[in-house]
Amino acid sequence: MPEDVDTPDHDTSTPGTAVSDTPASERNTYRSTRFGTGVRDTPGGEGGTSLSVSRLNRTLQKGHLQRRYTPYRTPRTRSMVSPATDRTNTQEVDAQPDWSGLVRCSLSVYHVTPLYRYRWDKAGVKQLSGALSLHLAQLATAADANMYKAAVTVKEDTDESFALEITVKRRDTPGRSGSLYAVLCNVEGEVSQTEQGAFSVLPLLLMTGPATLQNAVVSWLEQRFDCRVCPMSFQSSDLLWAMALGLVRGNSGKVKQQTLDLQYDVPLKEAGLDKISLQIPVKLAQALLNSVSEDTENGLQLDELHLFRQALETHVFDYFKIHLDMMKLSLVATPVLFVDKVGRLKILSVDHVHAVLRMMTSFALERSPLTACLKAANESRL
Amino acid sequence: MAAEQESDMPEVLPGEILKPFNKMPCRDTATVLLVGSYGTGKQQLAKAMVDLCTDTGLKLQVRTTTSLPLPEENTDTRPRIDYIVFIIDLTNRLSFSTVKSAVQCVDVEYFLGRACFVVTNAKGTSDQCVEMEEVSRLADMYNTMYICGATKEGHPDERTTLANQLLRLVEVSAGRKNVSPLLLDLTCRQLSFQEEQPEFYTV
């Protein structure tokens with residue numbers, strides 16, 4: 001596969017001994033300052049672990065490759081910046097929909113297979129609201145019938161893409177206490193939303209609210225659109241991408257003590273110790289990420305992310321003799337977002353919602369091979 | 001630039017590299033080396049393999065290590081290593097990195113049919129930290145097959161199957177079957193000259 005041969009020459013050498021021609025002076029100053037609790041560049045330790053990887057990569061570039069076909073190829077580069085919407089063009093910024101309903105609440109993330117027969121004109125959407133109310137009324141017991149009021153609205157993003165917003169409110173209590181808010185969207189996903197024939201591709205579903213209501217909405221969606229809604233779980237590599245997004249787009253200055261929080265699950269053998277939590281000041285983490293990667297704005301490579309992770313893990317090993325590589329990363333908390341391996345997401349600032357949704361959409365699309373098959377089928381037909 | 005990079009990395013001394021033909025083979029004996037980090041189930045796999053060999057007349061010696069190169073003190077008393085098994089646990093990133101550094105301390109002759117990778121915990125992607133893609137890339141790079149299996153207590157049948165498979169390979173490697181291990185290695189792969197062709201390794 002061509003992507004493999006294209007790994008850049010700086011591949012995985014330690015930041016101190018860079019092969020590429022970045023100026024050595026800035027690396028040296030980074031290495032010589034001492035941080036109290038922060039991350040220290042450890043060329044010796046890191047050299048030990050990345051020795052084989054860099055040799056491996058060099059043989060990759062020289063030798064012949066035989067790529068095995070694996071069905072779900074995870075991308076080696078992800079861009080942290082959307083090409084369309086992150087320009088400082090005020091017109092573009094104003095045109096973004098209002099995602100404030102998603103901020104600062106604990107969202108459960110689901111991935112959805114393509115929806116069948118979704119009509120996005122006004123009459124269709126109104127019909128959906130009615131259908132959802134009916135469904136909820138049917139599920140409710142006789143005592144609390146008519147307790148919930150459901151509304152389905154469409155949020156326009158650009159001409160092509162839009163999101164479906166579902167709100168279920170309790171009639172008796174005002175405010176958001178017992179109510180559910182859900183967004184079904186496809187934010188710049190690889191498979192476009194509208195070109196798929198009778199199907200619409202809206203792979204990402206974010207819901208916040210009581211569990212019974214969530215189950216009810218999920219069952220209604222599955223019934224109405226003949227799709228499957230599955231809760232999404234994140235692997236440690238996905239959590240690392242989310243962490244990188246949080247670091248690259250971190251807002252500066254608002255909160256004094258901004259830390260990057262990483263939580264690792266300890267394997268069962270170690271009795272008495274459940275989780276290990278690692279806290280790093282965000283500025284230092286950002287500096288480490290910048291020193292490892294060439295161009296954080298346009299695309300972060302998977303190898304760079306692995307280097308970052310290796311740097312942190314060797315640092316912890318040097319100081320505490322804890323092998324973080326044997327443990328599984330389960331939670332990432334940055335000032336911008338908070339992601340759990342179970343599928344819980346919390347976005348803490350409105351400015352970055354779009355970027356987070358874009359990354360989540362790409363995760364959701366990776367987990368749904370049905371969508372890729374649909375796209376391939378439609379393309380072959382055209 | 002390239003020279004600078006070479007001198008920065010610690011070199012593996014030529015004396016430390018494991019060679020298959022340094023020592024004389026013995027009749028009806030075989031020695032296997034299991035390489036894998038802590039927690040990958042080497043002792044249990046070793047016991048399974050030795051248990052299988054008790055009736056066959058083959059004297060099997062299984063040695064385990066967590067990293068290569070092997071310590072120099074034992075070089076004289078150590079018998080000839082016929083087969084090397086690298087164990088990678090997909091839930092343990094450290095096992096993958098130790099195997100990656102261990103393969104460099106092994107002579108290239110071992111990769112012509114006298115070594116293989118064993119991948120454990122390959123079922124169920126929920127706990128995996130290492131992706132299967134990385135392991136298959138490593139195996140492709142060294143042109144060596146990999147076997148997925150289980151080595152721990154919870155799967156005794158799978159462990160026995162894995163031990164059986166490894167034992168077959170070890171016997172060929174020790175010279176008991178009158179077949180060169182390279183021939184066996186050839187039959188395990190599909191020879192193709194196109195890069196995009198999918199390849200399947202079966203044992």
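These legends accompany close-up views of a predicted model.

**View 1. Helix α3 of chain B, a mostly covered helix.** Here we look at residues 93-102 of chain B, where nine of the 10 residues are buried. Polar and charged residues are found in the buried set alongside hydrophobic ones: the list includes B:Arg93, B:Ser95, B:Thr98 and B:Lys100, as well as B:Leu94, B:Phe96 and B:Val99. B:Ser97 and B:Ala102 are buried too. Do look at the start of the helix, where B:Asn92 places a side-chain oxygen within 3.1 Å of the backbone nitrogen of B:Leu94.

**View 2. Helix α4 of chain B and the residue B:Asn143 that follows.** Helix α4 spans residues 132-141 of chain B and is also mostly covered, with eight of its 10 residues buried. The buried residues form an unbroken run in the numbering, starting with B:Glu133, B:Glu134, B:Val135 and B:Ser136 and carrying on through B:Arg137, B:Leu138, B:Ala139 and B:Asp140. After the helix comes B:Asn143, with a positive phi near 55 degrees.

**View 3. B:Asn178 in a loop between two helices of chain B.** This loop links α5 (156-173) to α6 (181-187). B:Asn178 is not a glycine, yet its phi is positive, at about 60 degrees. Is this residue buried or exposed? With a relative accessible area of 76%, B:Asn178 is exposed, because anything over 50% counts as such.

**View 4. A:Asp226 in a loop between a helix and a strand of chain A.** On one side of this loop is α6 (211-225), and on the other is β9 (229-231). A:Asp226 is another residue other than glycine with a positive phi, here near 50 degrees. Its relative accessibility of 56% is over the 50% cut-off, so A:Asp226 counts as exposed.

**View 5. Strands β13, β14 and β15 of chain A, joined by antiparallel pairings.** Start with β13 (residues 328-333) and β14 (residues 337-340), which run antiparallel and are joined by three bridges. Across this pairing, A:Ala333 stands opposite A:Phe338. The hairpin between these two strands passes through three residues.

Moving on, β14 also pairs with β15 (residues 344-347), again antiparallel and with three bridges. Which residue of β15 is the bridge partner of A:Val339? That partner is A:Leu345. Three residues lie between the strands in this second hairpin, where A:Gly343 takes a positive phi near 120 degrees.

How values were computed:
Residues numbered from 1 in each chain as written. Chains lettered and ligands numbered in written order. Predicted model: local features only at pLDDT ≥ 70, side-chain atom pairs only at ≥ 80, totals over all residues. Heavy atoms only, no water. Buried < 20%, exposed > 50% of the residue type's maximum accessible area, 1.4 Å probe, protein only. Helix = DSSP H or I, 4+ residues; strand = E, 2+ residues; numbered from the N terminus. Polar contact = N/O pair within 3.5 Å; in protein donor to acceptor, adjacent residues only side chain to side chain. Pairing = 2+ DSSP bridges.
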